[in-house]
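Please open the model in a viewer and keep the sequence panel visible. The stops below are given in the order in which they are best selected.

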Amino acid sequence: MLQIRGLTKRFGGLAAISDVTMEFPAGSLTAVIGPNGAGKSTFFNLISGAFRPDAGEIVFKGETITGLDRAAIVRRGIGRAFQVASFFPSMTVAENLMAAIAAHRGQWGDLNHRFPRQGVRDRAMEVAEMLGLHDNADTLSANLSHGDQKLLDIALALALEPSMLLLDEPTAGMGPEERWRMIEKVQRLWQQQHLTLAFIEHDMDIVFGISSSIRVLCYGRLLAEGTPDEIRNNPAVIEAYLGTPDAEEDA
Ligand SMILES: Nc1ncnc2c1ncn2[C@@H]1O[C@H](COP(=O)(O)OP(=O)(O)OP(=O)(O)O)[C@@H](O)[C@H]1O
């Protein structure tokens, strides 16, 4: 589905992503992990077109998307949700979703109409329902709980009908219970919508609990990739990132 070859991004003298090559097969649920500053968000920013790579190639569904801008990449089918949820706080959940859908469909006129086209509203409600936000459709986004704001951010990405979704720390800032509620929703979404999903996550219980595959970045390089069992037992990953089980217990 998505192939990355030799991807490199420098900020001045720092190689935030350095010669990274990896694949995300169709239908996979992949965790991208690594220490703070490893380059995880930069990696997602490169795939989603927020940054232009200095070298390398990004191929999605057999076509190169390297260097395309964000809107073009969304149109190709890659959606992205952010570490800090991004939406219009002074609009309701439904209004945010309808604006995203109308803009994506090029139906700009609908943004100025009090009554949008039925198709736009229907799709907005469908997506709100997928994320369990339908009861809050008329709630001002600024008044949503932190968890629901993160869900709205995912809903906005989903509203644009992606086949691949990148989630940057979907559980950031949540308590343990809320985290698992979020992750269950993400997992259900992945199954029901037949998505290819990649997510950045720091909670190792979640990472090892739900991923079919894990990629480990460290200092901008791909340190390891494999199944949860392979990663758990990989000496380089243990040394650079996970630590020994004893060290984890001590911590
Ligand atoms: N726009 C930018 N300009 C300059 N340096 C940047 C920029 N974005 C990221 N960096 C640097 O690139 C490196 C990788 O950052 P990045 O945010 O991708 O790491 P990360 O693995 O997502 O970290 P975290 O887990 O803390 O979110 C860091 O040293 C960071 O300071």
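**The shell around the ligand**

Begin with strand 2 (14–24) and helix 1 (40–47), each of which supplies at least two residues of the shell around the ligand. The model is a predicted one. Of the elements that contribute, helix 1 gives the most to this shell, with three residues. To display the whole shell, select F11, L14, A16, G34, N36, G37, A38, G39, K40, S41 and T42. By character, the shell residues divide into four nonpolar, six polar and one charged.

**Helix 1**

Keep helix 1 selected and colour it by burial. The helix is mostly covered, with seven of its eight residues buried. The buried positions are K40, T42, F43, F44, N45, L46 and I47; K40 and T42 also belong to the residues around the ligand. Just after helix 1, move to G49, where the backbone takes a positive phi of about 85°.

**The six-stranded sheet**

Next, select strands 6, 7, 8, 3, 9 and 10. These six strands form an open sheet in the order 6-7-8-3-9-10, with mixed pairing. Its edge strands are strand 6 (78–81) and strand 10 (221–226), each of which pairs on one side only. On average, and with direction ignored, neighbouring strands of this sheet are turned by 15° against each other.

Within the sheet, select strand 3 (residues 29–33) together with strand 8 (residues 196–200): the two pair in the parallel sense over four bridges. For one of the bridges, pick A31, whose partner in strand 8 is F199. Then add helix 9 (residues 235–242), which packs on the sheet and touches strand 9 (213–218) and strand 10. The direction of helix 9 makes about 125° with that of strand 10.

**Strands 1, 4 and 5**

Now select strand 1 (residues 2–11) and strand 4 (residues 55–60), which pair in the antiparallel sense over five bridges. Among the residues to label is Q3, whose bridge partner in strand 4 is V59. Strand 4 also pairs with strand 5 (residues 63–64), again in the antiparallel sense, over two bridges. There, V59 has T64 of strand 5 as its bridge partner. The hairpin of strand 4 and strand 5 has two residues between the strands, and K61 takes a positive phi near 50° in this hairpin.

**The largest nonpolar core**

For the last region, select L97, A124, A128, A155 and A159. These residues have the most contacts inside the largest nonpolar core, which has 69 residues. Helix 3 (residues 93–104) gives the most to this core, with eight residues.

Centre the view on L97. Leaving aside residues up to four places away in sequence, L97 touches A124, V127, A128, A155, L156 and A159.

Then move to A155, which is located in helix 5 (residues 146–158). Why does A155 count as buried? It does so because it has 25 C-beta neighbours inside 10 Å, and the threshold for a buried residue is 20 or more. With residues up to four places away in sequence again left out, A155 touches L97, V127, A128, L131 and L133. As a final selection, take the C-alpha atoms of A155 and G132: the two residues are 23 residues apart along the chain, and these atoms are separated by 9.8 Å.

Methods. Residues are numbered from 1 along each chain as its sequence is written. This is a predicted model: local features need pLDDT of at least 70, side-chain atom pairs count only at pLDDT 80 or more; totals for chains, interfaces and linings use all residues. Two strands pair if DSSP finds at least two bridges between them. Axes are lines fitted to C-alpha atoms, for helices over the stretch in contact, and angles run from 0 to 180 degrees between N-to-C directions. Two residues are in contact if their C-beta atoms, placed from the backbone, lie within 7 Å. A residue is near a molecule or strand if its C-beta atom, placed from the backbone, lies within 6 Å of it. Ala, Val, Leu, Ile, Met, Phe, Trp, Tyr, Cys and Pro count as nonpolar, Asp, Glu, Lys and Arg as charged, and the others, Gly among them, as polar. A nonpolar core is a set of buried Ala, Val, Leu, Ile, Met, Phe, Trp, Tyr and Cys residues joined through C-beta atoms within 7 Å. A residue is buried if 20 or more other C-beta atoms lie within 10 Å of its own, exposed if 12 or fewer, and partly exposed in between; C-beta atoms are placed from the backbone.
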